[in-house]
There are 2 protein chains.
Amino acid sequence: MDKVNVAQKLSLFTEHWSPKIVGELNGQHVKLVKFKGEFVWHKHEQEDELFFVVKGWFNMEFRDRTETIQENEFIIVPRGVEHRPVAPEEVSVLLFEPATTLNTGDQQGELTKHHLERL
Amino acid sequence: MDKVNVAQKLSLFTEHWSPKIVGELNGQHVKLVKFKGEFVWHKHEQEDELFFVVKGWFNMEFRDRTETIQENEFIIVPRGVEHRPVAPEEVSVLLFEPATTLNTGDQQGELTKHHLERL
């Protein structure tokens, strides 16, 4: 029940595409992640995902359009919708999603993280 | 699936203690609220609540201690734990909590909001 300082947690890691758990409530996880470059196209069959930009910006690509998400903006990607985050520069993002969510969704591969660190 | 700009949503209302729904995912709501002054002591029997400070700061009082939550910090209050937000100055807060959450929890009264506006 201690408070969490987002900047302090972000200072604890440098890897990209490796979400860290920083909170848990109601079966959902709060995660922090740094993106840089292009992720894989994927979708989540059972989970809606929220991406809140803490620092920087990135493009969320959908099959039919791209949304640019700036600092202090968020987007909710509903379950079943294919998406791909692309970050030309490093961006820090807070995620809010069910504890069951796998980062690469239905596309398991090299980028898949099965065991997330807690900070 | 449109992105949400937090500052733009906050510019749409001025009332205190009246959460607005700005997102929904996995049975959870994302809300924005402005606090000023003292709220009522209450708890939620079934819901954990996350308070993320977007602008300003406030004190989260518990029966045995007080936590000061600054900008870009959050605190998760587990179900069953009595708490009272106190904001000496206006603060803007983002809430993540189950869609079933009533703002005053087990203490229904004048401050209770049964029907929340969506922005």
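**View 1. A:W17, a buried loop residue.** A:W17 counts as buried because 20 other C-beta atoms lie within 10 Å. (Buried means 20 or more other C-beta atoms within 10 Å of the residue's own, exposed means 12 or fewer, and partly exposed is in between; C-beta atoms are placed from the backbone.) The loop between helix 1 and strand 2 of chain A holds A:W17. (Helices, H or I with at least four residues, and strands, E with at least two, are DSSP runs numbered from the N terminus.) A:W17 is not a glycine, yet its phi is positive, about 60 degrees.

The model is predicted: local features need pLDDT of at least 70, side-chain atom pairs count only at pLDDT 80 or more, and totals for chains, interfaces and linings use all residues. Residues are numbered from 1 along each chain as its sequence is written, while chains are lettered from A and ligands numbered from 1 in the order in which they are written.

**View 2. Confidence and the relation between chains A and B.** The predictor assigns the complex an ipTM of 0.94 and a pTM of 0.96. The average pLDDT of chain A is 96, and 100% of the residues score at least 70. (pLDDT is the predictor's confidence in each residue, from 0 to 100.) Two copies of a chain are related by a rotation about an axis and a shift along it. Here chain A superposes on chain B after a rotation of 180 degrees with 0.0 Å of shift along the axis, at an RMSD of 0.0 Å. That is the relation of a two-fold axis. The same surface serves both copies: 100% of the contact residues of chain A recur in chain B. (Superposition is by least squares on the C-alpha atoms of residues with pLDDT of at least 70 in both copies; residues are in contact if their C-beta atoms, placed from the backbone, lie within 7 Å.)

**View 3. The side of chain A that touches chain B.** Chain A brings 25 residues to the contact, and chain B brings 25 residues. Several elements of chain A each supply at least two residues, among them strand 1 (4–5), helix 1 (6–10) and strand 8 (84–98). Strand 7 of chain A gives the most, with five residues. By class, this side of chain A has 15 nonpolar, five polar and five charged residues. (Ala, Val, Leu, Ile, Met, Phe, Trp, Tyr, Cys and Pro count as nonpolar, Asp, Glu, Lys and Arg as charged, and the others, Gly among them, as polar.)

**View 4. Strand pairing between the chains.** Strand 1 of chain A pairs with strand 7 (residues 73–77) of chain B. The sense is antiparallel, over two bridges. (Strands pair if DSSP finds at least two bridges between them.) A:V4 stands opposite B:F74 of strand 7 in chain B.

**View 5. B:L50 in the largest nonpolar core.** This core has 54 residues. A:L50, A:F51, A:V93, B:L50, B:F51 and B:V93 touch the most other members. (A nonpolar core is a set of buried Ala, Val, Leu, Ile, Met, Phe, Trp, Tyr and Cys residues joined through C-beta atoms within 7 Å.) Beyond its neighbours within four places in sequence, B:L50 contacts residues of chain A, including A:G23, A:L25 and A:V30. Its contacts in chain B include B:F74, B:I76 and B:L95.

**View 6. Strand 8 of chain B and its antiparallel partners.** Strand 3 (residues 28–38) of chain B runs antiparallel to strand 8 (residues 84–98), joined by 10 bridges. Here B:G37 stands opposite B:A87. Strand 4 (residues 49–55) of chain B is antiparallel to strand 8 over five bridges. B:K55 has B:S92 as its bridge partner. Strand 5 (residues 58–61) of chain B joins strand 8 through three bridges, again antiparallel. B:E61 is partnered by B:R84.

**View 7. B:K9 in helix 1 of chain B.** Helix 1 spans residues 6–10. B:K9 is partly exposed, with 18 other C-beta atoms within 10 Å. Not counting residues up to four places away in sequence, B:K9 touches B:V4, B:V22, B:L32 and B:L119.

**View 8. B:N26, a loop residue with positive phi.** Phi of B:N26, which is not a glycine, is near 55 degrees. B:N26 sits in the loop between strand 2 (20–25) and strand 3 of chain B. B:N26 is buried, with 22 C-beta neighbours inside 10 Å.

**View 9. A:W57, a partly exposed loop residue.** A:W57 lies between strand 4 (49–55) and strand 5 (58–61) of chain A. It has 14 other C-beta atoms within 10 Å. Leaving aside neighbours within four places in sequence, A:W57 contacts A:T68, A:I69, A:Q70, A:E71 and A:V91.

Terms used. Contact = placed C-beta atoms within 7 Å.
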